[in-house]
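Colleague: I'd like to go through the charged pairs in this one with you. Can you pull it up?

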Amino acid sequence: MFYRSTRNSDIKVSSAQAIVQGISKEGGLFVPSEIPKLSQDELAALGKMPYPERAAAVFKKFLTDFTDSEIQHCVGSAYTDKNFDTANITELKKLTDSAYVLELWHGPTCAFKDMALQILPYLLTTSAKKTELDKKIVILVATSGDTGKAALEGFKDVDGTSIIVFYPVDGVSAMQKKQMTTQEGKNVGVCAIKGNFDDAQNGVKKIFTDKNVAEKLASNGMMFSSANSINWGRLAPQIIYYVSSYAQLVANGEINMGDKINIVVPTGNFGNILAAFYAKHMGVPVNKLICASNANNVLTDFLNTGVYDRNRHFYTTISPSMDILISSNLERLLYHLSGEDDSAIKDWFGKLSQCGKYEVSDFVKDALKDEFYAGFCDDTQTKECIKDLFDKYSYTCDTHTAVAVKVYMDYVKETGDTTKTVIASTASPYKFSGSVLDAIGAYDDSKDEFALVDILEEKSGLPVPQSIKALKDKDIMFSDVISREELENYVTSLLGV
Ligand SMILES: *Cc1c(COP(=O)(O)O)cnc(C)c1O
């Protein structure tokens, strides 16, 4: 098994190389040369294993250049009850006769990004050793909130790495800021940038590609790497929980082996739902992949028409992690669905960067219709859905999960499909306490973020995650605010190069 670039099928690298490199030189993304298969016997056997063993079994199929003990090291370091508040790592809750919620937020930062970012540091350091790049890995992250904190928690105190996170000074929520500025760990740095997310992102990109900085790092035995979701090392861990949830449904007697399920995913960058696509093509019996968007419904339109058009209004919504108009991981899907047509990919994504728009071939349009159902909802509908779930099913969910549930309800109304369905739940409601309380009519705008958490606990009866409770009394470790121009100096002086 090797990995090809979506923009040049002749490029072939090992999984370790794909993970260390992050992105291919000509701008393409790495994809597996074939999607490995899981037999029904293997799937059934997974149902009897604990999560870390399920993870190891799936990784073994994709990371064929890793030894068993390397995979064990990665899985055993990440998926423990020290890092997750349930030994099951994820929880599968029955919502209705046909719908199950797959809670992916039991990790240290209470969002699904922990599922990949808890293990990525180990995949990266192991890959660097395997490719004989025995350098210290320096991770730079520009974040609009969730990714920065999840990356900090993943990389903190991991030998052979250090991490610096930049966030826009007025662009993150109070809770997100508190989560980042109180970060502990010997190898971490957090800094606010004057400006918006794009300023932080562009500043980081500039250092990343600066030859002088790269040389300074190299002569000190260091190299930059990226923790963002175009890295195969972030995608592979996400395939596992879809495989795992199917095995779990069979083991619990909710479905019979071979029965198809639907999978619903609240989508932004298309990473999480693409992982579900890979799980399907590994052999998990899937009927429809249901792609749920908020008011930024560029993916809904694309999946329904085959025309991708980012030239549209950008909405700031109550599900901010899905406020995205360019979904990078779509490139991987289109590569597979077009029969690995690298020249078509170059054409479409060239058009996307030049004029913000492209249209796929009829062949790909048919394939999209076959695999996906797509829908969206606005903030009002999202809140109604939170209230509905709270009142009718005594289930408290966050804003992103509510988007998925609403789109699923619309799908059922439209199609009458009663296929058992797994809905990905991507954040703890406590991460968005204000919006959730607003939805159930219990918001108090005189209260700070921690008081809101207490009110939500009283209303929902759901235990507050330890990591959110502990935040209240933590000391602020980082209070630097710099301009974009100061970014390079900040990085080099922090690293001492
Ligand atoms: C990142 C994120 C998403 C979107 O996931 P993608 O992989 O970018 O599609 C959805 N919900 C939450 C809470 C997130 O943090």
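Colleague: How many salt bridges does a search of the whole structure find?

Modeller: The search turns up 22 salt bridges. Keep in mind that this is a predicted model.

Colleague: Why is the contact of Lys93 with Glu103 called a salt bridge?

Modeller: The closest N and O atoms of Lys93 and Glu103 are 3.1 Å apart. The cut-off is within 4 Å, so the pair counts. Lys93 sits in strand S4 and Glu103 in strand S5, ten residues apart, so this pair links distant parts of the chain.

Colleague: What makes Glu103 buried?

Modeller: Glu103 has 2% relative accessibility, and buried means under 20%, so the word fits. Lys93 comes out at 34%, between the cut-offs of 20% and 50%, so Lys93 is partly exposed.

Colleague: How do you know that Asp362 and Lys365 form a salt bridge?

Modeller: Their closest N and O atoms are 3.8 Å apart, which is within 4 Å, so they qualify. Both lie in helix H16, three residues apart, about one turn of the helix. Lys365 also meets Glu359 in a salt bridge, at 2.6 Å from N to O.

Colleague: Why is Asp362 called exposed and Lys365 buried?

Modeller: Asp362 has a relative accessible area of 55%, and exposed means over 50%, so Asp362 is exposed. Lys365 has 18%, which is under 20%, so Lys365 is buried. Glu359, at 46%, falls between the two cut-offs and is therefore partly exposed.

Colleague: Which residues are linked in a network of salt bridges?

Modeller: Lys149, Glu153 and Lys156 are.

Key: Residues are numbered from 1 along each chain as its sequence is written. This is a predicted model: local features need pLDDT of at least 70, side-chain atom pairs count only at pLDDT 80 or more; totals for chains, interfaces and linings use all residues. Side-chain values use heavy atoms; hydrogens and water are left out. A salt bridge is a side-chain nitrogen of Lys or Arg within 4 Å of a carboxyl oxygen of Asp or Glu. Helices (H or I, at least four residues) and strands (E, at least two) are DSSP runs, numbered from the N terminus. Buried means under 20% relative accessible area, exposed over 50%, partly exposed in between (1.4 Å probe, protein chains only).
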